[in-house]
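Please read the following report alongside the sequence and the model. It moves from a single side chain to strands, cores, surface and charged pairs.

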Amino acid sequence: RSTLSYEVRKYTHVLFALSAMIALTYHAKKTNIGPILAFTLAVYGLDVLYQTLVLTYKVESTVFHRLEKGVQVSFKNPPGFRGDSVTGYVYVLLPWISKHEWHAFSLYSQSDDCSSICVSASGDWTRKLHAAVAFDTVRPCFVAGPYTSPYATATDFDNLVLVASGIGITPALPIIEHLKATRRVNLIWMTRDASMIEFFLSSVDF
């Protein structure tokens with residue numbers, strides 16, 4: 001990791017995977033492995049195409065709010081964006097940090113037409129973002145999604161105990177917001193970032 005960038009590692013992985021599929025096809029010509037792999041690639045390609053053309057949005061005015069050990073990102077939901085779902089996640093691309101890196105983050109709603117994510121400065125890309133946002137600023141970003149997360153099954157239960165650490169509170173927030181009127185929701189949250197506690201206590205109606 002210290003010598004190869006994220007992009008090189010990612011696309012090398014994809015190249016090796018495609019090479020293995022081609023090798024499998026020629027290694028077992030008398031089997032049906034070739035059509036199966038071709039079908040799998042076709043489905044994958046259609047999924048990527050659908051995500052790129054339908055589920056990807058450019059948000060010109062994205063608000064970046066610096067926290068002590070992270071960054072809160074808020075944006076107005078673009079037309080067609082399903083930001084009112086109970087729980088989900090999005091992929092985010094910040095071209096002024098990296099033109100090729102997409103990262104997944106849990107999504108929560110601040111209002112009916114605005115959504116937010118919270119980024120903890122714990123990796124290479126997230127540290128670059130934290131360093132670049134020295135103060136509150138507005139910059140463009142690309143958002144793909146939202147996609148349903150495993151937390152969506154919370155609607156099947158009456159009594160909920162949500163356990164989170166650090167930035168892991170973000171998938172719990174939409175559950176609290178959408179289900180607090182009809183469910184008993186208990187939150188156990190452990191974090192070492194005091195600024196994050198202050199921020200969410202002031203911005204979320206627990």
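Is tryptophan 102 buried, partly exposed or exposed? Tryptophan 102 is partly exposed, with a relative accessible area of 26%, where buried means under 20% relative accessible area, exposed over 50%, and partly exposed in between, computed with a 1.4 Å probe and protein chains only. This is a predicted model, in which local features need pLDDT of at least 70 and side-chain atom pairs count only at pLDDT 80 or more, while totals for chains, interfaces and linings use all residues. Residues are numbered from 1 along each chain as its sequence is written, and side-chain values use heavy atoms, with hydrogens and water left out.

**Tryptophan 102 and its surroundings**

Tryptophan 102 lies in the loop between β3 and β4; helices (H or I, at least four residues) and strands (E, at least two) are DSSP runs, numbered from the N terminus. Setting aside residues up to four places away in sequence, tryptophan 102 touches Tyr6, Thr56, Tyr91, Val92, Leu93, Phe142, Val143 and Ala144, a contact being heavy atoms within 4.5 Å. Valine 143 is 41 residues from tryptophan 102 along the chain, yet their C-alpha atoms are separated by 8.9 Å.

**Strand pairing**

Strands are taken as paired if DSSP finds at least two bridges between them. Strand β6 (residues 137-148) runs antiparallel to β1 (residues 56-66), to which 7 bridges join it, and also antiparallel to β3 (residues 88-93), with 5 bridges. Strand β7 (residues 159-165), by contrast, runs parallel to β8 (residues 184-190), and 7 bridges join these two. One residue pair from each of these pairings is set out below.

| Residue | Partner |
|---|---|
| Valine 63 | Valine 138 in β6 |
| Leucine 93 | Phenylalanine 142 in β6 |
| Serine 165 | Methionine 190 in β8 |

Within β6, threonine 137 counts as buried at 16% relative accessibility, and, not counting residues up to four places away in sequence, threonine 137 touches Thr62, Val63 and Phe64. Proline 146 also belongs to β6, and the peptide bond that leads from glycine 145 to proline 146 is cis, with omega near 0°.

In a regular strand the side chains alternate between the two faces of the sheet. Strand β7 shows such an alternation, with Leu160, Leu162 and Ala164 pointing to one face and buried, while Asn159, Val161, Val163 and Ser165 point to the other and are not buried.

**Nonpolar cores and a covered helix**

A nonpolar core is a set of buried Ala, Val, Leu, Ile, Met, Phe, Trp, Tyr and Cys residues joined through side-chain atoms within 4.5 Å. The largest such core has 20 residues, of which Leu94, Ile117 and Leu129 touch the most other members. At least two residues of this core come from each of β1, β2 (70-76), β3, β4 (103-111), β5 (114-120), α3 (124-132) and β6. Leucine 94, leaving aside its neighbours within four places in sequence, is in contact with Phe64, Trp125, Leu129, Pro140 and Cys141. Apart from the largest core lies another, of 10 residues, among them Leu67, Ile169, Phe200 and Val204.

Helix α4 (residues 172-179) is mostly covered, since 6 of its 8 residues are buried, namely Ala172, Leu173, Pro174, Ile175, Ile176 and Leu179.

**Surface patch and salt bridges**

In soluble globular proteins, nonpolar side chains tend to be buried together. Even so, Leu46, Leu49, Tyr50, Leu53 and Val54 form a nonpolar patch on the surface, with about 530 Å² of accessible area together. Patches are made of residues with over 30% relative accessible area and no salt bridge, like charges being joined within 9 Å and nonpolar side chains (Val, Leu, Ile, Met, Phe, Trp, Tyr) within 5 Å, and accessible areas come from the Shrake-Rupley method with a 1.4 Å probe, only the protein chains shown counting as cover for residues. Leucine 53 of this patch is found in helix α2 (residues 33-53) and counts as exposed at 64% relative accessibility.

A salt bridge is a side-chain nitrogen of Lys or Arg within 4 Å of a carboxyl oxygen of Asp or Glu, and by this rule the count comes to 2. Lysine 58 pairs with glutamate 60, their closest N and O atoms being 3.3 Å apart; lysine 58 is partly exposed at 49% relative accessible area, and glutamate 60 is likewise partly exposed, at 49%. In the salt bridge between lysine 180 and glutamate 177, the N to O distance is 3.7 Å, with lysine 180 partly exposed at 35% and glutamate 177 partly exposed at 40%.
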